[in-house]
Amino acid sequence: MILVTGGAGYIGSHTCVELINAGHKVVIVDNFCNSDPSVVESIRDITGKDVVCVDADVRDKDKLLSVFKDYDISAVVHFAGHKAVGESVSKPLSYYQNNLDSTLTLCEVMDMQGVRTLIFSSSATVYDPSNDMPLVESATLGCTNPYGWTKLMNEQILRDLATANESWSIVSLRYFNPIGAHESGKIGERPSGIPNNLMPYITQVAAGVRDKLHVFGNDYPTADGTGVRDYIHVVDLAQGHVRALEYAQESRGAQSINLGSGTGCSVLQIIHAFEQATGITIPYVIDPRRPGDIAVCFADTSKAKQLLNWQTQLDINQMCEDAWRFESQS
Ligand code: NAD
Ligand code: UD1
């Protein structure tokens with residue numbers, strides 16, 4: 001069985017579906033601090049298969065040990081953690097506590113139980129903003145906020161672990177900008193409060209929850225002046241985890257691998273793609289740049305192609321259609 005920590009969350013739930021579709025059995029550990037138990041039922045609905053779910057904090061060592069004793073776990077995909085950049089600036093201790101302690105406790109328990117295959121959720125935010133594009137895995141690392149530092153520190157801990165004991169096999173996946181939802185419309189991204197990220201904000205404008213989108217800056221050195229990012233459909237991302245798991249099961253050591261589409265898309269391009277995919281007009285205003293934002297960010301994806309034999313399949317149009325289906329059905 002594959003243990004999926006944070007498996008009721010946005011990326012975790014889609015990954016559970018793809019793991020099950022690929023023939024794996026899954027046990028989720030989630031404390032539902034940023035998700036709802038009903039997501040587990042939706043995973044069962046989509047796959048028609050049973051999913052075990054344990055309501056527990058990954059930092060609870062005794063509970064985690066009992067999960068390893070109750071189920072025959074061969075590998076772990078570790079999503080559990082806090083993820084809001086802005087909140088990490090105002091609550092650094094909570095971020096370092098949850099994001100570091102969860103990995104330390106998990107790895108300690110895995111080591112005790114002799115399970116040493118791990119896929120970790122990292123982020124493109126570990127790259128120093130001064131790098132040239134596209135970002136290759138060997139680019140300079142460095143962060144501008146506590147959330148980013150937790151990802152970089154986690155990657156370092158995992159590299160050190162693989163150096164200390166060569167039976168570990170660890171892949172840190174550096175995600176670019178996951179958007180979209182499962183085509184069934186049953187699972188997707190449900191941010192609490194005002195969305196920080198572009199696509200959830202757009203879908204809420206489309207649903208009439210918010211009046212208009214605020215475009216953060218149109219004076220960047222890009223084709224239309226708005227920020228450019230590497231958007232990736234969450235289902236492609238989930239399938240990348242299945243490939244990474246298969247790769248990790250056949251190899252040893254620690255690797256960091258980008259998961260992105262390899263192409264950039266501007267804010268205005270996303271708005272137009274959404275309008276085209278859904279037939280809904282998105283009113284917007286141009287606001288000043290958001291502090292901390294960079295102009296352009298996209299991945300070099302050759303390492304994922306080479307090591308995982310993986311690349312994205314789904315385009316921006318599909319991402320917009322699926323994001324809207326989820327928003328409008330919920
Ligand atoms: P999410 O918040 O939807 O999912 C995280 C899940 O982990 C939630 O279900 C939450 O309840 C659970 N959780 C958090 N702390 C826990 C703990 N201590 N014990 C048990 N469960 C806990 O986030 P997501 O968007 O699915 O992201 C998953 C991972 O990917 C996170 O580590 C995030 O930092 C990383 N990541 C996300 C993005 C993104 O854009 N969504 C980008 C890069 C990296
Ligand atoms: C965010 C995170 C980053 C994380 C990444 C992928 C912040 C500051 N950074 O970055 O750490 O790795 O997501 O999950 O949160 N935009 C608008 N209006 C909005 C929202 C966004 O114009 O209401 C623009 C932004 O300026 C940017 C683009 O849309 O150009 C994408 O923004 P967002 O979805 O927040 O992603 P990132 O900025 O890449």
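Below is a short exchange on a sheet and two ligand sites in a predicted model.

Me: What makes strand 1 and strand 4 a pair?
Reply: Pairing takes at least two bridges between two strands. Strand 1 (residues 2-5) and strand 4 (residues 75-78) have 4 bridges, in the parallel sense. So they count as a pair. One of the bridges joins Val4 to Val77.

Me: What is the order of the strands in the open sheet?
Reply: The order is 3-2-1-4-5-6-11, with 7 strands and parallel pairing.

Me: Why are strand 3 and strand 11 said to stand at the edges?
Reply: Strand 3 (52-55) and strand 11 (253-259) each have a single partner strand. One side of each is therefore left without a neighbour in the sheet. On average, neighbouring strands here are turned by 20° against each other, direction ignored.

Me: How do you know that helix 8 packs on the sheet?
Reply: Contact requires heavy atoms within 4.5 Å. Helix 8 (residues 234-249) touches strand 1, strand 4, strand 5 (117-123), strand 6 (169-175) and strand 11. The direction of helix 8 makes about 160° with that of strand 6.

Me: What makes the approach of Asn34 to ligand 1 a polar contact?
Reply: The cut-off is 3.5 Å between N or O atoms. An N or O atom in the Asn34 side chain is 2.7 Å from an oxygen atom of ligand 1. That pair therefore qualifies. The side chain of Tyr147 also places an N or O atom 2.7 Å from a ligand 1 oxygen atom. Val58 uses a polar backbone atom, 3.0 Å from a nitrogen atom of ligand 1.

Me: How much of ligand 1 does the protein bury?
Reply: Alone, ligand 1 exposes 820 Å², and the protein buries 95% of that. The shell divides into 12 nonpolar, 10 polar and 5 charged residues. Strand 5 gives the most, with 3 residues.

Me: What makes Phe216 a polar partner of ligand 2, given its place among the nonpolar residues?
Reply: The class goes by residue type, and Phe counts as nonpolar. The contact goes by atoms: N or O within 3.5 Å. A polar backbone atom of Phe216 is 2.9 Å from an oxygen atom of ligand 2. So the contact qualifies.

Me: Which side chains put polar atoms by oxygen atoms of ligand 2?
Reply: Asn177 does, at 2.9 Å. Arg290 does too, at 2.8 Å. The protein covers 84% of the 740 Å² of accessible area that ligand 2 has on its own. Strand 8 (residues 213-216) gives the most to this shell, with 4 residues.

How values were computed:
Residues are numbered from 1 along each chain as its sequence is written. Chains are lettered from A and ligands numbered from 1 in the order in which they are written. This is a predicted model: local features need pLDDT of at least 70, side-chain atom pairs count only at pLDDT 80 or more; totals for chains, interfaces and linings use all residues. Side-chain values use heavy atoms; hydrogens and water are left out. Helices (H or I, at least four residues) and strands (E, at least two) are DSSP runs, numbered from the N terminus. Axes are lines fitted to C-alpha atoms, for helices over the stretch in contact, and angles run from 0 to 180 degrees between N-to-C directions. A polar contact is a pair of N or O atoms within 3.5 Å; within protein, one must be able to donate a hydrogen and the other to accept it, and residues adjacent in sequence count only if both atoms are side-chain atoms. Accessible areas come from the Shrake-Rupley method with a 1.4 Å probe; for residues, only the protein chains shown count as cover.
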